[in-house]
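Hi everyone, thanks for making time for this. I'd like to walk you through one structure, so please keep the view open and follow along with me.

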Amino acid sequence: MGYESDMKTLLSEFRNGKMADEELLEKLQDLNVTDLGFAKLDHNRSLRQGFPEVVYCEGKTTVQAAVILKTLAGRHANVLGTRAGRELYEAVKKDLPDAVYYEEARLIVLEKAPLPKDDKRVIAVVAAGTSDFPVSEEAALTAEVMGNKVVRVYDVGVAGIHRLLGKIDVIRAANVVVVVAGMEGALASVVGGLVNKPVIAVPTSVGYGANFHGLSALLGMLNSCSAGVAVVNIDNGFGAGRMASIINHMR
């Protein structure tokens with residue numbers, strides 16, 4: 001039984017007079033939140049926001065993150081864990097054999113009921129260089145798991161702008177564009193000036209010393225002269241993928 005079906009069963013029993021008001025309120029609380037002591041899991045998020053609570057695994061112990069992922073998987077068909085190491089994946093795969101680990105993106109993905117994708121509404125993930133691949137894939141896979149068709153346009157940084165221009169028709173056909181770049185972050189401004197769709201810029205910590213672990217790319221993107229460019233935090237591929245998904249599902 002999943003969270004949504006449990007909710008429907010509970011409300012049906014209440015509607016049919018099989019449950020008092022007080023009992024309904026108590027069971028709703030139990031259904032909505034699982035208190036693990038070290039974490040309170042928000043099951044209702046799947047109804048409020050269209051996808052279950054995503055687990056940020058970094059900073060948690062392997063045991064804590066594993067318990068959270070397994071508990072969510074017991075209530076939801078689709079589960080996503082970000083910033084996950086292989087040690088964590090090894091700890092959960094016996095209980096979650098359908099889970100897939102994407103090592104470079106550091107994602108654990110469980111899709112028992114993949115969300116439908118609209119082939120006519122596409123998200124383009126555009127990356128400056130191969131070094132940006134981990135963050136780009138975090139964004140692309142997040143968007144895919146959340147029910148979006150994604151096209152990848154990688155290694156098209158401004159140092160060889162002809163590579164970008166050779167793919168511009170693919171990028172312009174997308175409904176939302178995620179641009180991932182390190183160094184000075186110029187790619188976001190260039191793409192922003194070539195498309196009429198929202199651009200979500202992701203600065204990465206790729207670059208030499210004066211890149212300041214992504215700060216130069218972040219400031220460059222925030223100061224973009226191209227209209228229609230919004231910026232997420234440094235290396236936040238998940239945040240970009242999630243925002244792109246929200247925009248892509250709007251009607």
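Let's begin with the lining of the second largest pocket: 6 of its residues are nonpolar, 5 are polar and 2 are charged. Bear in mind that this is a predicted model. The pocket's volume comes to about 200 Å³. In total, 13 residues line the second largest pocket, and Glu4, Pro52, Ala77, Asn78 and Leu115 are the closest to its centre.

Now please turn to the largest pocket, which has a volume of about 240 Å³. How many residues line the largest pocket? There are 16, and those nearest its centre are Ala128, Gly129, Asp132, Gly157 and Met183. Sorted by class, this lining has 8 nonpolar, 5 polar and 3 charged residues.

On to strand E7, residues 122–127. Is E7 largely enclosed or open? Here 6 of the 6 residues are buried, so the strand is largely enclosed by the rest of the structure. You can check this one side at a time. Val122, Ala124 and Val126 are buried on one side of E7, and Ile123, Val125 and Ala127 are buried on the other. In other words, both faces of E7 are covered.

Which strand does E7 pair with? Its partner is strand E8, residues 149–153; the two run parallel and are joined by 5 bridges. If you want one position to click on, try valine 125, which stands opposite arginine 152 in E8.

Arginine 152 takes us to our next topic, salt bridges. As background, side chains of opposite charge can pair when their charged atoms come close. The structure holds 14 salt bridges, and I'll show you a few.

In one of them, arginine 152 pairs with glutamate 144, and their closest N and O atoms are 3.0 Å apart. Are these two buried or partly exposed? Glutamate 144 has a relative accessible area of 22%, so it is partly exposed. Arginine 152, at 34%, counts as partly exposed too.

Another salt bridge joins the side chains of aspartate 42 and arginine 45, at 3.1 Å from N to O. Aspartate 42 is buried, because its relative accessible area is 15% and the cut-off for buried is under 20%. Arginine 45, with 25% relative accessibility, counts as partly exposed.

A further salt bridge has arginine 83 and glutamate 58 meeting through their side chains, at 3.6 Å from N to O. Where do the two sit? Arginine 83 is in the loop between strand E4 (78–82) and helix H5 (86–92), while glutamate 58 is in the loop between strand E3 (55–56) and helix H4 (62–73). The pair therefore ties together parts that are 25 residues apart in sequence. Glutamate 58 is partly exposed, with a relative accessible area of 33%. This pair also has company: Glu58, Arg83, Arg106 and Glu138 are linked in a network of salt bridges.

Let's finish with threonine 82, which has its place in strand E4. With a relative accessible area of 3%, threonine 82 is buried. What does threonine 82 touch, leaving out residues up to four places away in sequence? Its contacts include Val54, Val55, Tyr56, Cys57, Leu107 and Phe238. Threonine 82 also touches Glu58, Arg106 and Glu138, three names you just heard in the salt-bridge network.

Thanks for listening, and I'm happy to go back to any of these spots with you.

Key:
Residues are numbered from 1 along each chain as its sequence is written. This is a predicted model: local features need pLDDT of at least 70, side-chain atom pairs count only at pLDDT 80 or more; totals for chains, interfaces and linings use all residues. Side-chain values use heavy atoms; hydrogens and water are left out. On a 1 Å grid over the protein atoms alone, a cavity is a set of points where a 1.4 Å probe fits but cannot get out, and a pocket is an open set with protein on both sides within 12 Å along at least five of seven lines; lining residues have an atom within 4 Å of a point. Grid points are joined across faces, edges and corners, and a volume is the space filled by probe spheres set on the points. Ala, Val, Leu, Ile, Met, Phe, Trp, Tyr, Cys and Pro count as nonpolar, Asp, Glu, Lys and Arg as charged, and the others, Gly among them, as polar. A salt bridge is a side-chain nitrogen of Lys or Arg within 4 Å of a carboxyl oxygen of Asp or Glu. Buried means under 20% relative accessible area, exposed over 50%, partly exposed in between (1.4 Å probe, protein chains only). Helices (H or I, at least four residues) and strands (E, at least two) are DSSP runs, numbered from the N terminus. Contact means heavy atoms within 4.5 Å. Two strands pair if DSSP finds at least two bridges between them.
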